[in-house]
Amino acid sequence: MTAARLSRAAMAALMVSCACASVCAAAPAASAEKAGRKEAPLTGKAWRHANQAYASFKAGRYAQAEQQARSAIALRPDLLRLRMLQIYSLQKLGKNAQALEAVAAAEAAGLQSDELRAAKANLQAPSASPASEAYRQAFPLATEAFADYNAQKYESSARLAEQAVRIDPSQGAWALLWISALEAQDQPKAAIEAADTALALGAPNTNDLIARKQSLLRSLSTEPTIAAYKALSENDPGGAATQAREAVRLSPDAQSLRLLLMTALLYSNQLPAAEETASEALKRDDEDTSSLVFRGYLRQRQNKTELANQDFDEAIAQDWLDDDQRASIRLIAADAALAAGDHERVKALLAPLDADDKPVADRLALAGQHARPPRKLTTGNYPPPFQDCHDTPYGTACEMKPADESMTGSASAKAYAAYGRQDYQEAIAQARIAVEQAPDNPAMQLLLTITLAAGNDEQRALALTRLDSALQEHPDDASLLMQRGYLYQRQREPEKALRDFQAARDTGKAPPSLVLDEGFALASAGRKPEAIQALKQAIDMDDNGELELTPEQRYFTRSSVAGLSRGWGASVSASYRGARPAGSGLNGTPITTAGDSVFSSADIFWRPQQFLNGPTQVFEVYGRVMNTLRNGSSVSYDQSVIDPCTGLPSPVSGGKFDGVSGFPTTLGSVGVRFTPSTDYAFTLGLERRFLLGTGTRTGTVTPASAELRCKLSGRDPSQPGAPVVGNAQTINFDGSASSGGWLAYATYGFYEGTGLRFDKDSWFTMEGYLQAGYYREDLSANFWTTDASTGERSPRQRGRYRRDQWFANAEVRVGRSFRMDSVSDHLLIFPHLVAAVDFQRQNYRARVPGFAQEMAVLGNGSSWASGVGAGVSLRYAFREDHYNAPRSYMDWTIQYRTNVGGGQADRAKGWFMSLSVWY
């Protein structure tokens, strides 16, 4: 879960950085513009001529000022203020035509500024009526204001220009000068107020003043815009929305800012407000394709499918789009159709596109699978379109592209994509390229660190060094703290990870999802009660809209709560094994039992909370009772067996024999089992078994030695053909209920798709296990012989009966699970193919009083069997609540197998059935 979450965070960061690129450039650009006013200092003759010109102008010697300014310009033609001094001097001399020529010369030299344009407008304006007293009063003030502006005395210039405008507002050039002087003092709000005042007083150049005001508003919007992007990058979408609203208020015509506001509202889960923002943008500009497409996405997120489709269809129909733009919208609309489960619409939308293109082929493949749409749409399972923003001569313009297109092209994007598919070495290689291309970009440095943290031991060590160094410079950087926490988690240092996660939270800039990371770190550190509380808090936050979890993430979180809170459990199972199965018969070890039998097992376990238990390892103490519920009858036919005395075939009559079942077959056991890592599902177990039922600790001993069997048959082994000299004898034994043996075993399981899923109706499922073990029993027992004819018993004497058994078995089931929603969304049916194999090797020996040596028992040796077949399982999960995923389930499986190998063919064929309940 962590890797997926990191990948999504990386993609979100990439989207924000790309969308911000052009808009955030406004601040450096503004700084550069101001820096442009700082010309290189005047030196030598140029300085002397300029200094003399300013002195002459101040003294009212305008002719000399013009000549001296012309001399300075010849040496420094790049200086605008020298040009303006010449223009003002000519204007003072009443030489307006020559002044206009000087303006044209400045423009030809590539010089542009507001004051140059204002001077030109003033010179071209019709002469005021001599009768205008207002003009006569204001003109000296305006002239001085222009001169002060040129001398960079902006405060004085603004004051004089304002006085001139208020006396005679008919001179639009004076109003522009007033605005320019205020802007030069970094007073954009005062400049906006000046524009409003000039308009209110009736200035004639209305269009120029409105344009200037809009430019100032755009300038003012830069600060909240940058703040909004910064808040997004710091996981504060609510703060980003506040800043974006202010930016839109200041510059309502800027498309990129309205998209920024929509994005911030989206990530703060204010979907209706985001949709309303898109609608407002379309009211201002009904040809705004990006806002139309984004509104379609927002409507689909709210399951307003019909309205969303209308928006997408309207966007596709716009005739001014080029083929690439229209193709992007079709892909975005197809993503919405997939989210709605409308697979036919997906095919219709993509029909005009090249089906061999990967983005098209991927979506068609998903539509062909008829996957069920998610119950709840989130940015995780239905990401928003990618905003491709770029500067144009008319401002910042944005186009909408499919979400997956953001992950192609640049080295950084390739690194994120490789990281997302867990190809960490490729991600590291691409991140290194990204750093080489932009070594001073902090985002690329962080990307390299993130990818290194997922690499091998050497790479992780380098990532830790980089993180430590970065945190020394920025100790309160939430992203760096979280990344180091994730690295510590990979290195299985949960306490260190927890400290970093808590420090990141304390900065106030961490994402809400950090509560999940804290929860899992607490669990890994063995602090289960606190971990459970943190995970429950995450569920509450999802309920309140503070944290956005997909149904799968929420289910995983609830499953983690259920697993961490589990302190005990129990299971009951019954199995029907056809033919001659290997099952829990005598001593519970895999032995051959004739006939069709039903076995049962009841198990109860306890998990010590503070001992060896964590989110990825399990330790249990358990107790178990097993027996045979029904032991089927065995039928044998007339046949020949080898006579132990003569070695020749001997006829034996057939018959029917009923097996032992019920309480006499009961076994008990206590044991421990430990799973070091649930990632690998490898379990070690050790248990002590007790022979509770009489059938488990009594029986007969048939020697493997033909000589002993011949002797027990009542004949003389030295004269095999001689007549019987006595009655046949059997060797019997019994032990106590406290006797038993030890079983050690190891099990490896592998599972894929065995749990509940809510994103699909059906999915591939595979489950299986490998198990091997050893059972040893050294039973102190009473032995006696019984006369087969008279039933007379010999005196009971103590001896020993030893059983050693090695066993191994494996089974794998492969198929597809289907969720049976028509009955219950917690009921799965799993039709599957099955393959199974078992092996056993036994060495039973008895030391019987009255016999000279320890005897081997008939039947020792090795055997194996294997079978394949088909089956079906039904599994129903139950016992859940708001915070816990289902903690219990019932499973019923039936299979039919046929033998494919092994010496015990009848052990691997027939019907197999089991019913189990886990609580």
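**One disulfide and its surroundings**

Let me begin with the cysteines: in this structure, which is a predicted model, the count comes to one disulfide. The two partners are Cys645 and Cys710, whose sulfur atoms lie 1.7 Å apart, and the pair counts as a disulfide because that distance falls within the 2.5 Å cut-off. As a reminder for the bench, a disulfide is a covalent bond between the sulfur atoms of two cysteines. The link of Cys645 and Cys710 is right-handed, with 110° about the S-S bond. It connects distant parts of the chain, since Cys645 sits in the loop between β9 (639–642) and β10 (649–652), while Cys710 belongs to helix α31 (residues 706–712), 65 residues apart.

Are these two cysteines buried or exposed? Cys645 has 10% relative accessibility and therefore counts as buried, and Cys710, at 1%, counts as buried too; the cut-off behind both statements is under 20% relative accessible area.

Let me turn to the strands, starting with β12, which covers residues 662–675 and runs antiparallel to β7 (residues 618–631), the two being joined by 10 bridges. Within that pairing, Met626 has Leu667 of β12 as its bridge partner. β12 also pairs with β13 (residues 682–690), again in antiparallel fashion, through seven bridges, and here Arg673 stands opposite Gly685 of β13. β12 and β13 form a hairpin with six residues between the strands, and in this hairpin Ala681 takes a positive phi near 50°.

Which residues make up the nonpolar patch on the surface? They are Trp568, Ile604, Trp606, Val621, Val672, Leu686, Trp742 and Tyr919, and together they have about 800 Å² of accessible area. If you wish to find the patch on the structure, one place to look is Ile604, which lies in strand β6 (residues 597–606). Val621 falls within the residue range of β7 and Val672 within that of β12, whereas Leu686 falls within the range of β13.

Finally, a word on the protein as a whole, which has 31 helices and 23 strands. Of its 919 residues, 46% count as buried, and the accessible surface comes to about 43300 Å², with 54% of that belonging to carbon and sulfur atoms. As for contacts between residues at least 6 apart in sequence, 63% join residues at least 24 apart. The disulfide I began with, between Cys645 and Cys710, likewise links distant parts of the chain.

Methods
Residues numbered from 1 in each chain as written. Predicted model: local features only at pLDDT ≥ 70, side-chain atom pairs only at ≥ 80, totals over all residues. Heavy atoms only, no water. Helix = DSSP H or I, 4+ residues; strand = E, 2+ residues; numbered from the N terminus. Buried < 20%, exposed > 50% of the residue type's maximum accessible area, 1.4 Å probe, protein only. Contact = heavy atoms within 4.5 Å. Areas by Shrake-Rupley, 256 points an atom, 1.4 Å probe, with all protein chains shown as cover. Pairing = 2+ DSSP bridges. Patch = residues over 30% accessible without salt bridge, like charges linked within 9 Å, V, L, I, M, F, W, Y side chains within 5 Å. Salt bridge = Lys/Arg side-chain N within 4 Å of Asp/Glu carboxyl O.
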